[in-house]
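Student: I'm new to this one. Can you show it to me?
Tutor: Sure, here it comes.
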Amino acid sequence: MTKLRSLAAFGALWLSALGQCASAQTAFTADTPIFKEEAASAGITQSYTGGWEFFVGGGAASFDCNGDRRPDLLIAGGAGPAKFFVNESPTGGELAFRPLDTGLKEKDLTGVLGAYPLDIDNDRHMDLVLLRLGRNLVLKGGPDCRFEKANRSFAIDGGRAWSTGMSATWEKGNRFPTIAIGNYVDRSAPGTPFGTCEPNQLLRPRSGETPDYSDPMTLEPGYCALSLLFTDWNRTGQPDLRITNDRQYYRGGEEQLWQMSQGRPPRLYTASQGWQRLTVWGMGIAETDFDADGLPEYALTSMGDTKLQKLDEEAGEDRPTYRDIAFEKGATAHRPYTGGDPKPSTGWHSEFADFNNDTKTDLFIAKGNVQAMPDFASYDPDNLLLGGYDDIFHEKGMEAGIALDTRGRGAVVEDFNMDGMLDLLVVNREHPASLFRNLGAATDWGYRPLGNWIKIELDNGKINPAAVGSLISVRTGTRTQTRRIQIGGGHASGRAGFVHVGLGVSERATIRVQWPDGEWSHPYRVFANQHVRIIRGEANARYWYPVAQ
Amino acid sequence: MTFSAPGGRWRYRPGIVPALLRGLLLAGLAAPALADDAPWAERTQALGAITEMPTGVLSKDELETLAATGEQLFGAHFTTLDGVGRPQATQAIDPTRRKHPREQVFFRTAGPDAGSCAACHNQPAIGGAGDFVTNVFASEGFESADFDSLDPQFSSERGTNHIFGAGLIELLAREMSLELQMVRSQALSQARATGSAVRLPLEAKGVEFGYISAEPDGSVNLDELDGVDTDLVIRPFSQKGVMTSLRQFTINALNQHHGMQAGERFGARWTGSDDFDGDGKSAEISAADVSALVAWQATLPTPVQKIPQADGWAEAAARGEAKFTDFGCTVCHRPALPLENLAFADPGPFDLAGTLNEQQVAAKAVYDIGLMDWARELPRDDQGRVLVPLFGDLKRHAMTDNQIDALGNELMSQRFVDRNIFQTAELWGVGSTQPYGHRNDFSSLDAIILAHGGNGRQARDAYAAASDAEKSALIAFLKTLVIVP
């Protein structure tokens, strides 16, 4: 009889175990991309160093300067000189860069906090805006990675401010871009640094055949900006200017959204218009659109928790009222996820991208203590929050291999070896920059490729050839993903080049482009795992192929 | 998890019920699920019979054993215990959730519409074609996924094709894709070297696919492509030539027609769920199951030419074969294409994520079709290449024009291919697989020939203008192209 009872007990246990095994939902089941840090072997040697003025900044610009479409780099050095690197990575192979001597004077290249690429004069060679402690430098790009100073020829007064951020857009009807420069603390003002933020600068081009920025305007009040982004937050086709500010040094300040109107000075959105007062240690802005509804969401890094802002549907149309969804999406990233340091994190560059090609948006955040702030984590590894099928972010920085003991600042998310998998460059304070190559997903026999992908380059024609401000809409099955081509945001870091979209298991996609002037293109049908060039006006897309290895 | 072992071995799951469970069975305490293992259980025994994907080059015995399991799977009637049905998922090739679950498991139009593969693929034998009654309704499975009308607005009605010789078809497609991509590489490197645009004809195994133009910066202009996808991969399966491989097609079909979801596409890695179709059964089809199905399909013998004993047939067929060339039919229905290599790699090289490909596994398997007895009979040319007698060209053509548009009945394009464009139907086996046409609704060869418009118009007109005797001879020839299972 006891034997039967024990068998019955076992049976009950067996049944309950079966019930649990039948559950089909798992926490995070997509691929975790594995990153191999290889800056040294790749020839990238650069540290962002210097005193207090270089606690912030630490950015990089990624763009093609020699016409081979492989992304080249300019990495800020802070007190040390900024360095140029030409990308010589074989397709799908180990990353390789060659240092480039542009002939520019060392004194011009020191004091650089960050940089953004921008084709200011529409000549299809990327120009560069170097944000400096002191006079900002504009470099006109030419073929074969030639750069020459262009402040004079473009009539850009680099100013004397501590510049930390930048964004650019082509305002309607303009031939040349409008450039916004973000400035930080005014070191010469009485009482500095507290409550002495420098105004920001808006450079609107004057009419004419060549870029002429001789009539800059100030954007006041400034609240010690660290990141700016021209963004079309409400589907009007007119980007407004969002600025994230560092509450450490402002008094009575807040986050800002400037309403841009053609031909009129910008005006700040006020509380009565719906702009709610938010104070953060604003370090970087990242933009995405989770549901492709044309109303973007924003990640704002800070000390402590990252904000993930979504337009509040209940607030009424055209009101810039945002609510924070970071907690419900698991994206607060407020504390180091490994290493055991219980103090809050300090976040810098943030960027949305699909690192594992599964169509779900991921979020990278560069992290690191300001210098030696005792109330904040000192071992503060960068985050790789992978978007899950459950619409929640899952932290995978540890497994991915990016949880280094560095103080990350700016970063560039880019596919440096043209294999469709996004790689990562992180500029570190007082430590060599980290260059991570995406190897794919780990298996017990090696690495296997991730999901399908598509990379898209737009050609908008004579004015704004790189189509800054356009929207790319990629449809696969019932899913739509969008990407906005923007210059700005992040932490002192910007990029230009192919836009990457992960496609998961889709073998093909349909792409539509909303060009900067608002016109929608017809649908382009493309196959996955291709570099696509869409030239405005052409019936079919072209494919582009890197040199085969 | 795949397992790599030399020589291509795999293991069978022990079919022994553990003693303790037997005890529970006897004690009457066993859950109903445990009775699955009885030999009479209402499930497909062949599912999961192969536990690991094969690797390495398989010997003849190993290949035949693997294919035998594939045949069992092909003929199996999937049951609810197997996981038939997809209440939460549509028929789409990309895993797509349905908005509302449907009550019925089987549904004639949107599927699942068949209990087994062989239910439709059976003429003249398992793996064959199907009559009009077995037609299926191809739709992308995104909008109106639950269509219940035969209106061509919602789906394209398609006949069931035979699968005999499909392994060689896929091998031809792979070799031709490589050839086309080599032309592209050549154009690109020439353009880079000379610094100016280079335009080259795209040709593979003598079949022309238009032109490709390469720029020195690495861009290619695809405006002049003809009958092939822009990534220069020949996708030889389905009426429009849009399915890449037997493996991809098998996974597509298992989901569409049976609601049986293969883990390599519908599993947690890509969907977050092991039971994406929400029928309560996870892990319905393993990668090894798919490999078995692919192995069987890839090793099905080619159709042959067999001339019946009846008086006069041989002479008529000979004359008809000459007419076949004279009329111009062979421009598209090429009597043979040469194949360099009979080694069928599985997973293959051209599938993208969503179907296992050779980069996604530790070691692929190779099914050497040359080991099959029937393969030894295949004719070869003087270079030793196998002459695959497919009577096709793996190229897509427009089949309608302003006067003749009988084949233009469809309203929807499919996977980027326009409504009136179809891949040349391989005529091997045409004598065993009436009716004809992509909708399987032409009951005579004469009628389907007369329906050729567009690219086939010239040959069709030559046939129409021919004498009755010549036409009759052509029919006599075509009817000798049969499947001998």
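Student: How many aromatic pairs does a search of the whole structure find?
Tutor: The search finds 26 over all chains. Rings of Phe, Tyr and Trp (its six-membered ring) pair if their centres lie within 6.5 Å; planes under 30 degrees apart count as stacked, over 60 as edge-to-face and the rest as tilted. The model is predicted: local features need pLDDT of at least 70, and side-chain atom pairs count only at pLDDT 80 or more, while totals for chains, interfaces and linings use all residues. Residues are numbered from 1 along each chain as its sequence is written, chains are lettered from A in the order in which they are written, and side-chain values use heavy atoms, without hydrogens and water.

Student: Why is the pair of F84(A) and F147(A) tilted?
Tutor: The planes of F84(A) and F147(A) are at 35°, so the pair is tilted. Their ring centres are 5.2 Å apart.

Student: Is F84(A) buried or exposed?
Tutor: F84(A) is buried, with a relative accessible area of 4%. Buried means under 20% relative accessible area, exposed over 50%, partly exposed in between (1.4 Å probe, protein chains only). F147(A) is buried too, at 7%.

Student: And what about Y298(A) and Y322(A)?
Tutor: Their planes are at 75°, so that pair is edge-to-face. The ring centres are 5.8 Å apart. Y298(A) is buried at 0% relative accessibility, and Y322(A) is buried at 9%.

Student: Which charged end sits over the ring of Y322(A)?
Tutor: That of R242(A), 5.0 Å from the ring centre. The rule: NZ of Lys or CZ of Arg within 6 Å of the ring centre and within 35 degrees of the ring normal.
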